[in-house]
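Visitor: I've got the viewer open and plenty of "why" questions. Mind walking me through the reasoning behind the labels?

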Amino acid sequence: MPKLNPEELERYRNLLLQLRAKCTGGIAGLANTALGENGSESVSKMPTHPADLGTDTFEQEFSLTLLQNRGDTLKLIDAALQRIQDGTYGICETCGTRIPKPRLQAIPYASKCVQCASKAK
Ligand SMILES: [Zn+2]
């Protein structure tokens with residue numbers, strides 16, 4: 001699987017920062033704060049229909065995590081931002097394989113590949 005290039009990393013970083021704003025400012029905060037400046041572009045490129053993601057479990061996992069566990073999600077987002085700085089972003093922390101891009105697109109703070117994440121549950 002190809003390595004993430006700087007542009008892609010920057011895109012995921014923006015997604016993470018938007019999610020972070022959503023977590024800290026509440027759901028309504030997204031519309032007010034995260035969609036300003038350079039945020040709107042990456043949002044419009046995100047797949048909106050579950051079928052675009054290959055499976056709807058990504059989106060379900062995403063919204064459930066966000067609503068139920070905002071504090072934990074915030075920690076995961078910060079950890080992901082740290083991994084971007086460390087150059088380890090997008091690599092499964094359990095088995096070391098690259099996390100597929102559609103998964104990162106749906107869950108930018110994912111730290112495990114699909115296989116390892118399902119085993120961990
Ligand atoms: Zn893995």
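Visitor: Let's start with Cys-116. What makes it count as buried?

Guide: In this predicted model, Cys-116 has 9% relative accessibility. Buried means under 20%, so Cys-116 counts as buried.

Visitor: And what is Cys-116 bound to?

Guide: The zinc ion. Cys-116 is one of its protein donors through SG, along with the SG atoms of Cys-92, Cys-95 and Cys-113, lying 2.3 Å from the ion. The cut-off for a donor here is 2.8 Å, and 2.3 Å falls within that, so these sulfurs count as donors.

Visitor: Why is the site of the zinc ion called tetrahedral?

Guide: Look at the angles. Among the four donor atoms they run from 104 to 116°. Four donors count as tetrahedral if all angles lie between 85 and 135 degrees, so this site gets the label. As a reference, the ideal for four tetrahedral donors is 109.5 degrees.

Visitor: How are the donor residues of the zinc ion spaced in sequence?

Guide: The pattern reads C-x2-C-x17-C-x2-C. Cys-95 and Cys-113 are 18 residues apart, and that pair links distant parts of the chain. Cys-95 sits in the loop between helix H5 (70-86) and H6, while Cys-113 is in the loop between H6 and helix H7 (114-120).

Visitor: Are Cys-95 and Cys-113 buried or partly exposed?

Guide: One of each. Cys-113 has a relative accessible area of 5%, under the 20% limit, so it is buried. Cys-95 comes out at 41%, between the 20% and 50% limits, so it counts as partly exposed.

Visitor: With cysteines around, how many disulfides does a search of the whole structure find?

Guide: Zero. A pair of cysteine sulfur atoms would have to lie within 2.5 Å to be called one, and the search turns up none.

Visitor: On to helix H5. What makes Ile-77 buried?

Guide: Ile-77, which lies in helix H5, has 0% relative accessibility, so it counts as buried. Leaving out residues up to four places away in sequence, Ile-77 touches Leu-16, Leu-19, Arg-20, Cys-23 and Tyr-109. Its C-alpha atom is also 9.5 Å from that of Arg-13, 64 residues away along the chain.

Visitor: Why does Asp-78, also placed in helix H5, count as partly exposed?

Guide: Its relative accessibility is 32%. That falls between 20% and 50%, so partly exposed is the label for Asp-78. The C-alpha atoms of Asp-78 and Leu-16 are separated by 8.3 Å, with their positions 62 residues apart along the chain.

Visitor: What about Asn-14: how do you know that it is buried?

Guide: Its relative accessible area is 15%, and the cut-off is 20%, so Asn-14 is buried. Asn-14 belongs to helix H1 (residues 6-25). Pro-108 is 94 residues from Asn-14 in sequence, yet their C-alpha atoms are 9.6 Å apart in space.

Visitor: And Leu-104, what makes that one buried?

Guide: Leu-104 has 0% relative accessibility, so buried it is. You'll find Leu-104 in helix H6, touching Leu-4, Tyr-12, Tyr-89, Gly-90, Ile-99 and Ala-110 once residues up to four places away are set aside. For Leu-104 and Gly-90, 14 residues apart along the chain, the C-alpha separation is 7.2 Å.

Visitor: Zooming out, what pattern does the protein follow?

Guide: α-α-α-α-α-α-α: seven helices and zero strands. Of the 121 residues, 34% count as buried. Among contacts with a separation of 6 or more, 62% come from residues 24 or more positions apart.

Visitor: Which helix has the lowest mean pLDDT, and which the highest?

Guide: Helix H3 (residues 39-45) is lowest at 46, and helix H6 (residues 101-106) is highest at 93. The protein averages 77, with 61% of the residues scoring at least 70.

Visitor: Where does pLDDT stay under 50?

Guide: Over residues 29-45, for which the model has 16 contacts beyond four places in sequence. Where pLDDT is low, the predicted coordinates should not be read in detail.

Note on methods
Residues are numbered from 1 along each chain as its sequence is written. This is a predicted model: local features need pLDDT of at least 70, side-chain atom pairs count only at pLDDT 80 or more; totals for chains, interfaces and linings use all residues. Side-chain values use heavy atoms; hydrogens and water are left out. pLDDT is the predictor's confidence in each residue, from 0 to 100. Helices (H or I, at least four residues) and strands (E, at least two) are DSSP runs, numbered from the N terminus. Contact means heavy atoms within 4.5 Å. Buried means under 20% relative accessible area, exposed over 50%, partly exposed in between (1.4 Å probe, protein chains only). Donors are N, O and S atoms within 2.8 Å of the metal (3.2 Å for Na, K and Ca); water is not among the atoms, so sites may look incomplete. Four donors count as tetrahedral if all angles lie between 85 and 135 degrees; four count as square planar and six as octahedral if opposite donors are over 155 degrees apart and all others between 65 and 115; anything else is irregular.
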